[in-house]
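Colleague: I should like to go through the reasoning behind the terms used for this model. Please set each value against its cut-off.

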Protein chains: 2
Amino acid sequence: MYTQSVQALIDELGKLPGIGPKSAQRVAFHLLKIDQTEALRLAEAITAARMNSTWCRTCFNISDTESCEICIDPKRDQSMICVVEEPKDIVAIEKTREYDGLYHVLQGSLNPIDGVGPDQIRVKELVTRLSNESIKEVILCTNPNLEGEATAMYISRLLSATGISVTRIASGLPVGGDLEYADELTLGRALEGRRPI
Amino acid sequence: MYTQSVQALIDELGKLPGIGPKSAQRVAFHLLKIDQTEALRLAEAITAARMNSTWCRTCFNISDTESCEICIDPKRDQSMICVVEEPKDIVAIEKTREYDGLYHVLQGSLNPIDGVGPDQIRVKELVTRLSNESIKEVILCTNPNLEGEATAMYISRLLSATGISVTRIASGLPVGGDLEYADELTLGRALEGRRPI
């Protein structure tokens, strides 16, 4: 019904998370209607982001260099690692200004139903870091939902023999919620009130 | 907080209709996480759709040629024009298989609050077509909302002197719907538009 290139665009847009067939159609027509330079700017932004971005080889945050800005910053507290699921969680935590240590991005959480086990997330890399760096505290900041709790529990058990203090971000976050949707104050409080597990 | 290229991607995604800041972030990270070829396919689809698509010079539908497939199809009834707001409306009407005439896409509807007057939509081009082609009937298929009704009213007045039969798509109860759940306006229209059986 549509021309081939328009249908291809609708199909590709429909693969994005949270965009159904009707939204894909709406977005496609929006892209066809706006200025050509505007539309191509999105295409270029996708290409540039993919071409320039890599994972920090230390903490697995998104970075445009081999090591991310946080990892190479000498002012950050080198004795603490905050373990998060996704790079966007780092952004949320940085906004609270309550934390100045390092991070470790798991790039996921344990989810046996979806086939995500410890080997599918960056747990091994965390353990390697802990044996090389002089870390005193690991704060588990995975989401306060089923998968995040399971991941925190798994890591805390894994590290129990290391002598490193392992803490969990405090409640104050609504259980079943998502870290990225928490307001800064709540997230700050939760960090402040962390307790050993 | 994000690298420049990631922030640029989030910004561009956030400009799309129906995509707020959080969704833009989610889509951006999705694009960074999936296979590179998958992500670049979206960028290429946007570029291809923009580069290959143009507006049909007759009906202003989306087309990859100067005249769209419907306009050049000799089997279509050349005496009827169905006036719609957007190209996607053509797709919806074609799916019914109830219409085999021509189309005219206004590329919008009258909306004085947003500064959209008759000069901002393809009304002039419709009038030009009607003076050149031998059209017997114009069916106004703009949306049955405030803007669509105003647009239909405007065009019907504009064409009243031409002698061309101008009709409006029927408003009424949706097929498969329930009388008790219909809003008063729709039910009123359905009664008003009653026809002998």
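Colleague: How many residues does each chain bring to the contact between chain B and chain A?

Modeller: In this predicted model, chain B contributes 52 residues and chain A contributes 53. A residue is counted because it has heavy atoms within 4.5 Å of the other chain.

Colleague: What area is buried between chain B and chain A?

Modeller: About 4900 Å² is buried between the two chains, and carbon and sulfur atoms give 70% of that area. The size of an interface is often given as the accessible area lost when the parts come together.

Colleague: Why is the pairing of Glu86(B) with Lys33(A) called a salt bridge?

Modeller: The N to O distance between their side chains is 3.0 Å. The cut-off is 4 Å between a side-chain nitrogen of Lys or Arg and a carboxyl oxygen of Asp or Glu, so the pair qualifies. The count between chain B and chain A is four salt bridges, and eight residue pairs are in polar contact across the interface.

Colleague: Which elements of chain B supply at least two residues of the side that touches chain A?

Modeller: They are helices H1 (4-14), H2 (21-33), H3 (36-52) and H5 (87-96), together with strand S2 (62-63). H3(B) gives the largest share of that side, 15 residues.

Colleague: What makes Val127(A) partly exposed?

Modeller: Its relative accessible area is 36%. Buried would require under 20% and exposed over 50%, so Val127(A) falls in between. Val127(A) lies in helix H5 (residues 123-132) of chain A. With Tyr154(A) and Leu158(A), Val127(A) forms a nonpolar surface patch of about 220 Å² of accessible area together.

Technical notes
Residues are numbered from 1 along each chain as its sequence is written. Chains are lettered from A and ligands numbered from 1 in the order in which they are written. This is a predicted model: local features need pLDDT of at least 70, side-chain atom pairs count only at pLDDT 80 or more; totals for chains, interfaces and linings use all residues. Side-chain values use heavy atoms; hydrogens and water are left out. Patches are made of residues with over 30% relative accessible area and no salt bridge: like charges are joined within 9 Å, nonpolar side chains (Val, Leu, Ile, Met, Phe, Trp, Tyr) within 5 Å. Accessible areas come from the Shrake-Rupley method with a 1.4 Å probe; for residues, only the protein chains shown count as cover. Helices (H or I, at least four residues) and strands (E, at least two) are DSSP runs, numbered from the N terminus. Buried means under 20% relative accessible area, exposed over 50%, partly exposed in between (1.4 Å probe, protein chains only). Buried area is the accessible area (1.4 Å probe) that two parts lose on being put together, summed over both. A polar contact is a pair of N or O atoms within 3.5 Å; within protein, one must be able to donate a hydrogen and the other to accept it, and residues adjacent in sequence count only if both atoms are side-chain atoms.
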